[in-house]
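Colleague: Please put the model up, and then we can go through its helices, its cores and one of its pockets.

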Amino acid sequence: MPIPSPNEALSRLREGNFRYKQGSAAGSRLAEADGTFKDLSAGQEPFAAVLGCADSRVPVEVVFDQGAGQLFVVRVAGNVPTLSPRGSLEFAVEELGVPLILVLGHTRCGAVAATLGAPGADGRTPTPGLAAITDRISAALAGVAPLTSPPGPAEIDRAARLNVEASCRALMEESEVLGAKVRAGQLRIVGAVYHLHTGVVEFLEGISAES
């Protein structure tokens, strides 16, 4: 199957989320009888990679109405590009030829809320693994104080959007591989926010890393 252009890949994600929202999703329901499993055993050709949050309410393939083998999904709390997730995305681009990376955050993000000290955070010292995530989010929100203390839902959602934007920039700036592909026009890095209460993915194309 020919590798789509970055814009074509983005259109496929948009169309899939529209089907999901309209209740007409079909691509994510994989039938063993159609031979798909046998085809996938020979290799993979995903058309896009997604750096998403590990939150159980955001099942990436379902949200975009895609079946097995169509998306290369990397999930980590707070959708932050720490070393291992970044390496996975580099693999997707270098070895699989993926033309699009979508950084997918979501409303009411627990990792963002914990970083901001929202109600529900227990105040315990985070483990080194968790600290690697919250430190990233803290850096993304540096100088951007919540409007209320503790922050309310609107502040958490605003911070989640800023965190997506920062993750897009970090992928571009911290990875020589990804940065070079973007500058060559072979890759787009686009941010998006999934709205839990509607099922709609809001694409933040204004912060695409394209140059």
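**Helices, cores and a pocket**

Modeller: Just after helix 4, Gly97 has a positive phi of about 75 degrees; helices (H or I, at least four residues) and strands (E, at least two) are DSSP runs numbered from the N terminus. This is a predicted model, in which local features need pLDDT of at least 70 and side-chain atom pairs count only at pLDDT 80 or more, while totals for chains, interfaces and linings use all residues. Residues are numbered from 1 along each chain as its sequence is written, and side-chain values use heavy atoms, with hydrogens and water left out.

Colleague: How far apart are the end C-alpha atoms of helix 4?

Modeller: Helix 4 covers residues 83-96, which is 14 residues. The expected span is 1.5 Å times one less than the number of residues. That gives 20 Å, and the end C-alpha atoms agree with it, being 19 Å apart.

Colleague: Within what arc do the buried residues of helix 4 fall?

Modeller: Buried means under 20% relative accessible area, exposed over 50%, and partly exposed in between (1.4 Å probe, protein chains only). Pro85, Arg86, Leu89, Ala92, Val93 and Leu96 are buried in helix 4. They line one face of the helix, because the arc, taken from the directions from the helix axis to the C-beta atoms, is 150 degrees.

Colleague: Which residues are exposed on the other side of helix 4?

Modeller: The buried residues of helix 4 pack against strand 1 (48-52), strand 2 (71-75), strand 3 (100-106), helix 6, helix 7 and helix 8 (176-183), where contact means heavy atoms within 4.5 Å. On the other side of helix 4, the exposed residues are Leu83, Ser84 and Glu95.

Colleague: Which helix gives the largest share of the largest nonpolar core?

Modeller: A nonpolar core is a set of buried Ala, Val, Leu, Ile, Met, Phe, Trp, Tyr and Cys residues joined through side-chain atoms within 4.5 Å. The largest one has 35 residues, and Ile101, Val112, Leu171 and Ile189 have the most contacts inside it. Its largest share, 7 residues, comes from helix 7 (residues 153-174).

Colleague: Which helix gives the largest share of the lining of the second largest pocket?

Modeller: A pocket is an open set of points on a 1 Å grid over the protein atoms alone, where a 1.4 Å probe fits, with protein on both sides within 12 Å along at least five of seven lines; lining residues have an atom within 4 Å of a point. Helix 6 (128-140) and helix 7 each supply at least two lining residues. The largest share, 7 residues, comes from helix 7.
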